[in-house]
Amino acid sequence: MAGSKEIRSKIKSVENTRKITKAMEMVAASKMRKAQERMRMARPYAEKIRNVTAHLSHANSEYKHPFVVKREKVGNVGLIVVSSDKGLCGGLNTNVLRLSINQMKEWEGEGKKTLVSAIGNKGFTYLNRINADVQSHATGLGDTPHLEKLIGTIRVMLDAYMSGEIDQLYISYTRFINTMKQEAVIEQVLPLTDDKLDVSATTAKGHWDYIYEPEANVVIDELMTRYIETIIYHAVAENMASEQSARMVAMKAASDNAKNVIGELKLVYNKARQAAITKEISEIVGGAAAV
């Protein structure tokens, strides 16, 4: 059995660790509420631009944007992987990276090459370690996603789609469901489908006509690009909310485990202390009996 001094040192160490995990749990809870509020604030804009884009995609215009044209043959595929910059958030990054890698292997089995963009340091580091074809990356996003930090990574993949380097674009991220549950998903970004645009049967059969200023192609190009940026921004915002939720849950579990370990160590310490006292009494009694 370890000595009393060693056990006291272990108890002190675990108590210090518990203070850290408890503080991280409280910080993550505060950040999670802010991230959820950010998601709710972004939804009205995303909903409105999706409706306008859905109408434009079925408008009677001579110009058809490449983002809504389905290509007959799919060669290379683009994948944007969204992860966190920091760890200590349970299996959040592991789940989304495992899902992404399995999908990439499936595409490889079909003879398709995958071009990857990484958002988040954890995903970028892992993809480099497995020698994935990383075209662009964005790291150090902080607690609040800013579009100006993401736009370079997004444009690289959009330019690759426009030039024909890739024929489909997907994004993998962790969808926020509730505080206790987050789900790793892969969604198709390009080409835009009716399901993604949420086009109803009435909208699809209707005839929409607009007056464009200055020209239809200029307006539609800008709107389509802005819509794709909105999709990716919303995915990053959801991933950040999922990250804070997962970190809060993980830190709470760590704090609870530390509390249990402290209780067990105190029990061991009391047993060792009682054994030492009993030994001293036995020695004193034995010495007195000998005299």
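**Exercise 1. Empty space inside**

Task: Find how many cavities of 30 Å³ or more the count gives, and say which residues line the second largest cavity.

Solution: Start with the count, which comes to 2 cavities of 30 Å³ or more. Keep in mind that you're looking at a predicted model. Next, take the second largest cavity, which holds about 30 Å³ of space. Its lining is made of Lys70, Arg71, Val74, Asp167, Gln168 and Pro191. Now sort that lining by class: you get 2 nonpolar, 1 polar and 3 charged residues.

One of those lining residues, Pro191, deserves a second look. Pro191 sits in the loop between S5 and helix H5 (194-197). The peptide bond leading into Pro191 from Leu190 is cis, and its omega is near -5°.

**Exercise 2. The largest pocket**

Task: Work out which helix gives the most residues to the lining of the largest pocket, and which residues lie nearest the pocket's centre.

Solution: First, the volume: the largest pocket has about 330 Å³. Then go to the lining, which takes in 22 residues. Nearest the centre you'll find Lys86, Asp143, Glu243, Gln244 and Arg247. Now look at the helices. H1 and H7 each supply at least two lining residues, and H7 gives the most, with 6. Last, split the lining by class: 9 residues are nonpolar, 7 are polar and 6 are charged.

**Exercise 3. A strand with neighbours**

Task: Decide whether strand S2 (residues 114-119) is largely enclosed or left open, and trace how the chain gets into and out of it.

Solution: Go through S2 one face at a time. Thr114, Val116 and Ala118 are on one side, Leu115, Ser117 and Ile119 are on the other, and all are buried. That fits a general pattern: in a regular strand, side chains alternate between the two faces of the sheet. Since 6 of the 6 residues of S2 are buried, the strand is largely enclosed by the rest of the structure.

Now for the neighbours. S2 pairs with strand S1 (residues 77-82) in the parallel sense over 6 bridges, and Val82 stands opposite Ile119. To get from S1 to S2, the chain passes through helix H2 (residues 92-109), making a right-handed β-α-β crossover.

S2 also pairs with strand S3 (residues 134-138), again in the parallel sense, over 4 bridges. Here Ile119 stands opposite Ala138. The chain runs from S2 through helix H3 (residues 121-129) to S3, and this β-α-β crossover is right-handed too.

**Exercise 4. Two nonpolar cores**

Task: Find which element gives the largest share of the largest nonpolar core, and name some residues of the second core.

Solution: The largest nonpolar core has 36 residues, and Leu190, Leu192 and Ile228 have the most contacts inside it. Elements giving two or more residues include helix H1 (4-57), S1, S2 and helix H7 (216-290). H7 provides the largest share, 11 residues. A second, separate core has 14 residues, among them Val96, Met104, Phe124 and Ala132.

**Exercise 5. Two loop residues**

Task: Say where Leu88 and Asn131 are found, and whether they are buried or exposed.

Solution: Begin with Leu88, found in the loop between S1 and H2. Its phi is near 60°, a positive value in a residue other than glycine. With a relative accessibility of 53%, and the exposed class starting over 50%, Leu88 counts as exposed.

Then Asn131, which lies in the loop between H3 and S3. Phi of Asn131 is near 60°, also positive in a non-glycine residue. Its relative accessible area is 68%, so Asn131 is exposed.

Methods: Residues are numbered from 1 along each chain as its sequence is written. This is a predicted model: local features need pLDDT of at least 70, side-chain atom pairs count only at pLDDT 80 or more; totals for chains, interfaces and linings use all residues. Side-chain values use heavy atoms; hydrogens and water are left out. Buried means under 20% relative accessible area, exposed over 50%, partly exposed in between (1.4 Å probe, protein chains only). Two strands pair if DSSP finds at least two bridges between them. A crossover is right-handed if, with the strands pointing away from the viewer, the path from the first strand over the helix to the second runs clockwise. A nonpolar core is a set of buried Ala, Val, Leu, Ile, Met, Phe, Trp, Tyr and Cys residues joined through side-chain atoms within 4.5 Å. On a 1 Å grid over the protein atoms alone, a cavity is a set of points where a 1.4 Å probe fits but cannot get out, and a pocket is an open set with protein on both sides within 12 Å along at least five of seven lines; lining residues have an atom within 4 Å of a point. Grid points are joined across faces, edges and corners, and a volume is the space filled by probe spheres set on the points. Ala, Val, Leu, Ile, Met, Phe, Trp, Tyr, Cys and Pro count as nonpolar, Asp, Glu, Lys and Arg as charged, and the others, Gly among them, as polar.
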